[in-house]
Amino acid sequence: MRLPAAMSLSPRWAPYVLISPFLILFFVFGLGPLLFSLVLAFQTWEPTAGLQAMEYVGLGNFAFALEDEWFWKSLGNTGWLAVVSGVPQHLVAIPLAVFIHTSFKHLRDGVIGAYFLPYITSTVAIAILFSSLFSTDYGLINVALGALFGGESIDWLGAPENIKPAIAMIVFWRYVGFNVVLYLAALQTIPKDLYEAATMDGAGRVQQFFHITLPSLKPMIFFGVTLSVIGGLQLFEEPFILTGGRGGSDQAGMTTAIYLYRMAFDFNDFGAASAMSWLLFVVVALLTWLTNRAFAPRKGSA
Amino acid sequence: MTTRRAGLGFALSVAALGPAVLAAGPVQARQVLTVAAFPAIDEIVRAAVPHWKKLHPDVDIKVVSRQFVDHHTAMTTALSTTVYLPDVMALEVGYVGRFAQGGGLEDLSREPFGIARLRSRFVPYAYDQATARNGAVVAAPADIGPGTLLYRADVVARAGVGEAELTRSWDSYVAAGVKIKAVTGAYLMPHARDMKDIVIRTGIQPGEGQYFDSQSRVLVTSPRFVRAFELARDVRRHKLDAKVAAWSNEWSEGFKRGTLATQFSGAWLAGHLSNWLAPDTAGRWRAAQLPDGAFAAYGGTFLAIPRSSSAATKALAWQFIQLLTLQREQQLAAFKSQDAFPALVETFDDPFFEQPLPFLGGQPARLLWRDAARRIAAVDVHKQDSFASEVIDTELDKVLDRGKNIAVALADALRLLEKRARR
């Protein structure tokens, strides 16, 4: 059966029509909001007065953001969380991946699945689960700590000095499995004869790890660390839900992403929020570039 | 078939083509009035539909219901783009002041609405809450939340504390809390922040808001803030607060187990406690006026009309709002079914107010709340209020958790707010 001529697609246009669903979605939900926030970063706007209420203020929002001590405080919180939750992810994931790679044969997929599970679980479910685990009076963590060590129960999510470690723990727990999978994939590409040759030369397992495995993993470390840097700097959902959307006592868990969300939707300052989101983008770009400098394979060295 | 046509009418009207098409079209299709609301209010609106259909058989009511926060975010977005605007929107009091700044809501004091003529029929403070600084009345009060002190009579009695001790003054209230904690182990309140929140709302001079006066001068170093911070610090020092936030699991657990002895709140909390928070504690709670002769509002719902609607839609929307807010039967029905305390003064003589409340041990507490409703004064709103409240909360955190000096904390808050006040 042939379609009527009017409905058939000429080969000239077919590629464009076929790719259009992606492009339309990308323009509407990707590029559109991005450009809108760029425009907004240079305006002052009372949103409930409609779009025509925007007023151009030049770099005013950026100047305000850079002078805003809470913006810097939120960047500090974000940096702390990114380092404390990010670095251990890799320090644990690499040896763990090697261990799984060398020690498990039949159970391998099951073990990987168990580590990967937190990554594919809904953040909201995780955060709600952990907020009841961390509960001061009724939480399992305090019950367990009390049974083991005694002493007063810890106010995990109420006391400012405990909020960040609690969040970092969850972020670590959630993403370590993802990194394990990355490193496992990289481990499978290292040729076995390298290890055989090293064994012949009398190198032990520790020496093999430091002189063969680690250098071979470098490209994947670069990739993994880059993802951790970007993800860590954009951290939002876990602290947002754990602290009831406020950022916790003394804003100790208020990341930059939470602050700029609150700036727009709680404090009604969409212009400054957009400016901050672009400043955050600059920070992310800068740190990604630095990661690149630190880990990327350099020409001539290989 | 009718429903499908109504659905089509809605689809058109939300595409911002509808009102014009419907008004100009030769075929008078069934008209649809869209009402956006959040839980409890959506039920009240639905319950009013049969009555509305008697008055306007050809106008359907479509209720768009969302969760509380989602609803207000959706309304903010709808107003900012003037797309997908409902014909009538329910707003919680905190958002009324915020939306009034933007001018996206119709001024109901203008003709043909003329809400000013109806002013005396509304609870005075609720009407004032809907009045912007420029005199525009941007919404009609649908229900109010007169503040009250709910307390566990059995816990308090075990500590040998009477109601008078709880309410005589703030100092006496805290002293009672010390006794309660010592004898029963129960906390006086969920969080020391609650203490600060109520005290900064008392003793506000006319023309002042909570944080700013009418000239945007920052008020956070005034005596009421110092007093509020001192009292909150006392509460924390004596370990009288459970350090839990309202609506958290620990909070409701505290009510169930009787480890929270008192709570400042709107009268509506008694309904929530009895329905789902702690139904097993029925009969053990009592209500009192707030300590130290304080009167404050906790929440309240308003109904507003977007300015960009067509004149014909606005007229219908206003009739629907009047049905919900000015009809004695509707207001009382909402009170009976959803604990929505009436904002319509003429309902106040209904015998329902005198009925004993079994959850409160047979106390006729609605009389108490009715008295409070008449004595609450509205507080001026400032566009930076929500930011100011975050600044004050954070400085209080530093005082409570990090031992910061109160005078320094308030001076820091002042500095932060002065930067924003005129932004």
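This passage walks through a predicted model of two chains, A and B, from its confidence scores to its helices, core and loops.

The prediction as a whole comes with an ipTM of 0.84 and a pTM of 0.85. Chain B has an average pLDDT of 90, and 93% of its residues score at least 70. Confidence varies along this chain: helix 9 (residues 170-184) of chain B has the highest mean pLDDT among the elements of chain B, at 97, while helix 1 (residues 2-14) of chain B has the lowest, at 37. Residues 1-27 of chain B stay under a pLDDT of 50, and the model has 33 contacts beyond four places in sequence for this stretch. Where pLDDT is low, the predicted coordinates should not be read in detail.

The two chains touch each other, with 23 residues of chain A and 26 residues of chain B taking part in the contact. On the chain A side, the residues that touch chain B divide into eight nonpolar, ten polar and five charged.

Turning to the interior, the largest nonpolar core has 184 residues. Those that touch the most other members are Val96(B), Val138(B), Ala139(B), Ala270(B), Phe302(B) and Leu303(B). The element that gives the most to this core is helix 7 (residues 160-187) of chain A, with twelve residues. Ala270(B) offers a convenient view of the packing: apart from its neighbours within four places in sequence, Ala270(B) is in contact with Leu150(B), Trp285(B), Ala287(B), Leu357(B), Phe359(B), Leu360(B) and Ala365(B). In soluble globular proteins, nonpolar side chains tend to be buried together.

Two helices of chain A are worth following from end to end. Helix 9 (residues 205-233) of chain A has 29 residues, for which a straight helix would span 42 Å at 1.5 Å a residue, yet its end C-alpha atoms are only 36 Å apart. This helix bends by about 55° at Lys218(A), and the proline Pro219(A) follows within four residues. Its buried residues are Thr213(A), Leu217(A), Met220(A), Ile221(A), Gly224(A), Val225(A), Ser228(A), Gly232(A) and Leu233(A). They pack against helix 3 (69-103), helix 7 and helix 12 (270-295) of chain A.

Helix 4 (residues 108-120) of chain A has a bend too, of about 30° at Ala114(A), with the proline Pro118(A) following within four residues. For this helix, the 13 residues should span 18 Å at 1.5 Å a residue, and the 19 Å between its end C-alpha atoms agrees with that expectation.

In chain B, helix 10 (192-199) is a good place to look at burial. Eight of the eight residues of helix 10 of chain B are buried, so this helix is largely enclosed by the rest of the structure. The residues concerned are Ala192(B), Arg193(B), Asp194(B), Met195(B), Lys196(B), Asp197(B), Ile198(B) and Val199(B). Their cover includes helix 9, helix 11, strand 5 (262-266) and helix 17 (385-402) of chain B. Beyond helix 10, in the loop that leads to helix 11 of chain B, lies Ser222(B). Ser222(B) counts as partly exposed because 18 other C-beta atoms lie within 10 Å. Between Ser222(B) and Ile198(B) there are 15 Å in space, C-alpha to C-alpha, for 24 residues in sequence. Ala182(B), in helix 9 of chain B, is exposed, with 10 other C-beta atoms within 10 Å. The C-alpha atoms of Ala182(B) and Ala388(B) are separated by 36 Å, and these residues are 206 apart along the chain.

Finally, three loops of chain B hold backbone features of note. The peptide bond from Glu111(B) to Pro112(B) is cis, with omega near 5°, and Pro112(B) sits in the loop between helix 5 (93-102) and helix 6 (124-129) of chain B. Lys243(B), which is not a glycine, has a positive phi of about 55°; this residue belongs to the loop between helix 11 (223-237) and helix 12 (249-257) of chain B. Lys243(B) counts as buried, because it has 21 C-beta neighbours inside 10 Å. Asp292(B), also a residue other than glycine, has a positive phi near 60° and lies in the loop between strand 6 (285-288) and strand 7 (297-304) of chain B. With 17 C-beta neighbours inside 10 Å, Asp292(B) counts as partly exposed.

Notes:
Residues numbered from 1 in each chain as written. Chains lettered and ligands numbered in written order. Predicted model: local features only at pLDDT ≥ 70, side-chain atom pairs only at ≥ 80, totals over all residues. Core = buried A, V, L, I, M, F, W, Y, C linked by C-beta atoms within 7 Å. Buried ≥ 20, exposed ≤ 12 C-beta atoms within 10 Å, placed from the backbone. Contact = placed C-beta atoms within 7 Å. Nonpolar A, V, L, I, M, F, W, Y, C, P; charged D, E, K, R; others polar. pLDDT = per-residue confidence, 0-100. Expected span 1.5 Å × (residues − 1). Bend = angle between axes of the 7 residues up to and from the residue.
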